[in-house]
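This report looks at aromatic ring pairs, strand pairing and burial in one protein chain. The sequence and the structure come next.

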Amino acid sequence: MHPVIARATVGDADWITAIWNGIIADTLITFTTTPKTPDDVLAMIDTRPVFVLPDQAGFATYGPFRAGPGYAATVEHTIYLTPATRGQGLGPVLMAYIMDHAASAGHRVMVAGISGANPGAVRFHARLGFGQVGHMAQVGRKAGRWLDLILMQKLLNPPDTANGAG
């Protein structure tokens, strides 16, 4: 049975902030060292699609990959689950949901920016059909360590080659 995924609301901001700040403080999954505030999360909920799992198990969002109109069809995502819910099959379900949502909104490509210190995320994305398109050595620094950035992408709306479009 698949969990019911819902659009995040104002009432979700505190627990989303708590999940995110735990990851910022305790892992090398993100290069960010500045904690999020509930206002940061509220601004995100107000300006982009944010989806949540039941029982505060996790959330996912996507937004612009880069500024400029030429990149409008490309998005980058964030997905975080609580430590207690990882490995239960919720990540792929949530990712499928946001990929479908992004494709329905007309986006063509989803990008994953993954810390080199998180090989599990590389495997996770590969299982979902993402391909590695870049490896940038030592571009991030956190906790006294230089970290690599691995870029992966997935075509959400593949080109229609049958009629020459694309």
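Two strands are taken to pair if DSSP finds at least two bridges between them, and the strands themselves (E, at least two residues), like the helices (H or I, at least four residues), are DSSP runs numbered from the N terminus. The model is predicted, and local features therefore need pLDDT of at least 70, side-chain atom pairs count only at pLDDT 80 or more, and totals for chains, interfaces and linings use all residues. Residues are numbered from 1 along each chain as its sequence is written, and side-chain values use heavy atoms, with hydrogens and water left out.

**Strand pairing**

Strands β3 and β4 run antiparallel and are joined by seven bridges, and within this pairing Y62 has H77 of β4 as its bridge partner. On β4 there is also a parallel pairing with strand β5 (residues 109-115), made over three bridges, where T74 stands opposite V109 of β5. Between β4 and β5 the chain passes through α3, and this β-α-β crossover is right-handed, a term that applies if, with the strands pointing away from the viewer, the path from the first strand over the helix to the second runs clockwise.

Burial is expressed through relative accessible area, where buried means under 20%, exposed means over 50%, and partly exposed lies in between (1.4 Å probe, protein chains only). Of the eight residues of β4, seven are buried, so this strand is largely enclosed by the rest of the structure.

Another antiparallel pairing joins strand β6 (residues 131-142) to strand β7 (residues 145-155) through eight bridges, among which G131 has Q153 of β7 as its partner. The hairpin of β6 and β7 has two residues between the strands, and A143 takes a positive phi near 55° there.

**Aromatic pairs**

A pair of aromatic rings is described by the distance of the centres and the angle of the planes. Rings of Phe, Tyr and Trp (its six-membered ring) pair if their centres lie within 6.5 Å, and planes under 30 degrees apart count as stacked, over 60 as edge-to-face and the rest as tilted. A search of the whole structure finds five aromatic pairs, and the table gives two of them.

| Pair | Centre distance | Plane angle | Class |
|---|---|---|---|
| F51 and Y97 | 5.1 Å | 70° | edge-to-face |
| F59 and Y80 | 5.9 Å | 70° | edge-to-face |

The pair of F51 and Y97 links distant parts of the chain, with F51 in strand β2 (residues 50-52) and Y97 in helix α3 (residues 90-104), 46 residues apart. F51 is buried at a relative accessible area of 2%, whereas Y97 counts as partly exposed at 34%.

The pair of F59 and Y80 likewise links distant parts of the chain, 21 residues apart, with F59 in strand β3 (residues 58-64) and Y80 in strand β4 (residues 74-81). Both rings belong to buried residues, F59 with a relative accessible area of 0% and Y80 with 11%. Ring pairs link F59 and Y80 with W20 into a cluster.

K36 lies over the face of W20, at 4.7 Å from the ring centre; a charge sits over a ring if NZ of Lys or CZ of Arg is within 6 Å of the ring centre and within 35 degrees of the ring normal.

**The loop residue T82**

T82 is placed in the loop between β4 and α3, and T82 is buried, with a relative accessible area of 15%. In sequence T82 and F59 are 23 residues apart, while in space they are 9.1 Å apart, C-alpha to C-alpha. Leaving aside neighbours within four places in sequence, T82 is in contact with I19, Q56 and A57, contact meaning heavy atoms within 4.5 Å.
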